[in-house]
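Student: I'm new to this one, so could you pick a single part and give me a close look at it? I'd like to know how it sits in the rest, too.

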Amino acid sequence: MSTEHEERNQRRLGRDDFLKLGAVTVGTGVLAACGAEGAPEPAAAPTGEDEPERPPIESEPGNLDVFEWAGYEYPAYGGKNGVLKPYVDQRGKPKFTFLTSDDQALGKVRAGYRPDMVHPCVDYVGNWIEMGVVQPWDTSLITNFPDLEAPLVQGGQVDGQQYFLPADWGFSSPLYRSDEVEPDGEESWALFYDDRYEGKISWWDSPLENFVIWGYVNGIENPWEMTDEQLDEARDFLMSKKHLCRNFWSSQTDLDADIAAGNIWIAYAWAGSYVAAKDAGLDVVYSEPKEGRLGWNCGFVLMADTENFRHAHEFVDTWSSVESAEWIINNYAYGHANTSVNLANVPEDYVAVFHLDDPEARQEPNAHYARPVSTERRAAYAQRWDEVKAA
Amino acid sequence: MAVEAREIETTAAPPGVGARPRTGLVTTALLAPPLLWLVVFFLIPVGFIFLYSVNVFAFFPGTQAFTLDAWKNFLDGSPFLDLFWKSIRMSLIISVVAVVAAYPIAYYIALIASKRKYVLLLLILAPFLVSYFLRLLAWKVILGDQGVINSFLIWTGIRDEPVSWLLYSQFAVILTLIYVYIPFVALPIFASLESLDRRLLEAASDLGASRWQAFRKVTLPLSVPGVIAAFIFVFIPTIGEYFTPLLVGGVDGTMFGNAIADQFGQSLNWLNGSVLSFFLLVVVAVLMSIFARFLTVRRVATG
């Protein structure tokens, strides 16, 4: 228990450090803007004190624009008469645009796209704040807020403000076909580099994770903060192993189809792919690598210039209900920030495989949640990943 | 196509001196909207891309300062330059094979299938009724490890193991792009064969040419402008191809367009992304002007 606390504190320390850095960067950005235009832009900085009086929901334009992961849109999420129905009935169907990764979402918003709210992951919150495009949530408008798991809620706070509202969490781990693949000794992420399965492996097309995995396999202490030399070594290694991969997947739907079609036997996977493969009647194992699974926690950020402030709050409130939590576990096998679910209502298999009843299994050192990475370091990882792909 | 262009050129050849002064005004008025469109939505954005590529504009405010470093890194043996040459190679293969495959089709429709000509032409265009994405998915079903081809090979005992290079490979990208572009290629070739003066073929046979000789000495040279136009139709867009390699390319079939998309969308490296984009743009522009000159020369030669 005490070690668990220590781990959490360590994590938060790391994040705080990074956020200080973020705040400094935002500050200099604002200063630069002042210098250039001669007029300050108060909207960019979170003030908190002189909050503008929000107009009532009736005078908002509606047509909430949600920048979402595929599979989280109405009616795919919860079904036509399911968990999002109360919101849709009252406020109309939101417009959903799909993001394929946190980086892609950041890039698209940087390029000028302005939805009302976005569903990034917690390790990117600093980058969103740094870009100056998000504002804190007013948690008093969210009736389900008290039911959300405290550590996750705290993870979304910056300067005492709830910039990020946790929604879903889960593991990332190797998924493999147990009828075709025989791990070499102990279960390990090194299965991704196993020459015996050339052409049957799929890594996730993500600038960070493949380096982080290499880091854990090679005993690097903090793979989220590797030096340039370590990254170079990892890049050369990944280049030498990339021929083992059939593809680098970027859409989970495509990955699931490839696993079902027998094109892929071993993949970096989220729980949803495990469920999809089981549903397709395949013998699959969601691995417990000795280096520990990776973990993720995503949620909602509110755009600073949204005209649908209250609509967005009602939407996340509906999203945060216990019905929503039960649905996402039953259908995607992901965790939900609302942990007041009765686990008797969800499949035993999921509870066991994803440790829904065991919070310690998702803490260090059993699992490694994604950690915030500064923009500068993220670029260093990304540049090398692009080189791996281009080579 | 080119033949038509020639006719237009000759009728419009003696302008200027005798033309009424109002024509100039009308021409300007007619040309202004498309020109404005081109300037606002193409030239100015391209200028922005160039400014990003030398870091005069930057993704994160406050980091901009003029530098040619990104250009130097790119041109100094970066993996992206190798990827560019690979894309050029793939585009060349795709264009040549597509033209060679489409020529007999266009020839048949234009010169042999007299009554059913337009029905056949419609049939060639029929794939466009199905979305591009669905057609690529269909190729995945055909080429996959448990797909149509591999199932057949294993069922007949020709192979014990599925042929894995069929999908997620350079081969898959080249094959699907050839398939996609054949209709585009057939049309300009069809147009040039269609406007062929049949009397020339009669004359050739009167002078004792065999059918093969007539084809080689009359039909083929006269259709060269169509063939070149067709080649350009494939070669230029496939160099920057993004979607097809993303879906069927896998690790090996990645092309230059994917690298550009990653730089902007995934790595947030707009500096490098702009260098790659601008480089591609310049190369394509140069190639276009070379091809255009070649087309003009051919026109003079055949005309």
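Tutor: Let's start with a word we'll need a lot: two residues are in contact if their C-beta atoms, placed from the backbone, lie within 7 Å. Take the contacts in chain A with a separation of 6 or more: 75% of them come from residues 24 or more positions apart. In chain B, the share joining residues at least 24 apart is 69% of the contacts between residues at least 6 apart in sequence. Bear in mind that this is a predicted model, where local features need pLDDT (the predictor's confidence in each residue, from 0 to 100) of at least 70 and side-chain atom pairs count only at pLDDT 80 or more, while totals for chains, interfaces and linings use all residues. Residues are numbered from 1 along each chain as its sequence is written, with chains lettered from A and ligands numbered from 1 in the order in which they are written.

A little background on the two chains helps. Chain A has 13 helices and 14 strands, these being DSSP runs numbered from the N terminus (helices are H or I, at least four residues; strands are E, at least two). Chain B also has 13 helices but zero strands, so to speak a plain run of α-α-α-α-α-α-α-α-α-α-α-α-α along the sequence. Of the 391 residues of chain A, 46% are buried, that is, have 20 or more other C-beta atoms within 10 Å of their own, with C-beta atoms placed from the backbone. In chain B, buried residues make up 32% of 303.

Now for the part I'd pick: helix α13 of chain A, residues 375-390. Its 16 residues should span 22 Å at 1.5 Å a residue, and its end C-alpha atoms are 22 Å apart, which agrees. (The expected span is 1.5 Å times one less than the number of residues.) Plenty of α13(A) is buried: R378(A), Y381(A), A382(A), R384(A), W385(A), D386(A), V388(A), K389(A) and A390(A). What do these residues pack against? In chain A, they pack against α6 (209-217), α7 (228-241) and β9; in chain B, against α4 (79-112) and α12 (256-265).

That brings us to where the chains meet. The contact takes 28 residues from chain A and 25 from chain B. On the chain A side, α1 (2-37), α3 (102-110), β9 (245-249) and α13 each supply at least two residues. Our helix, α13(A), gives the most to that side, with eight residues.

Since β9 has come up, look at another helix that packs on β9. In α8(A), residues 252-260, the buried ones are Q252(A), L255(A), D256(A), D258(A) and I259(A). They cover an arc of only 160 degrees around the axis, which puts them on the same side of α8(A); the arc is that of the directions from the helix axis to the C-beta atoms. Those residues pack against β8 (201-204), β9, β10 (266-270) and α9 (271-279) of chain A. After α8(A) comes G262(A), with a positive phi near 80 degrees.

How confident is the predictor? It gives the complex an ipTM of 0.79 and a pTM of 0.78. Chain B has a mean pLDDT of 87, and 89% of its residues reach 70 or more. Residues 1-18 of chain B are another matter: pLDDT stays under 50 there, and the model has 15 contacts beyond four places in sequence for them.

Methods. Buried ≥ 20, exposed ≤ 12 C-beta atoms within 10 Å, placed from the backbone.
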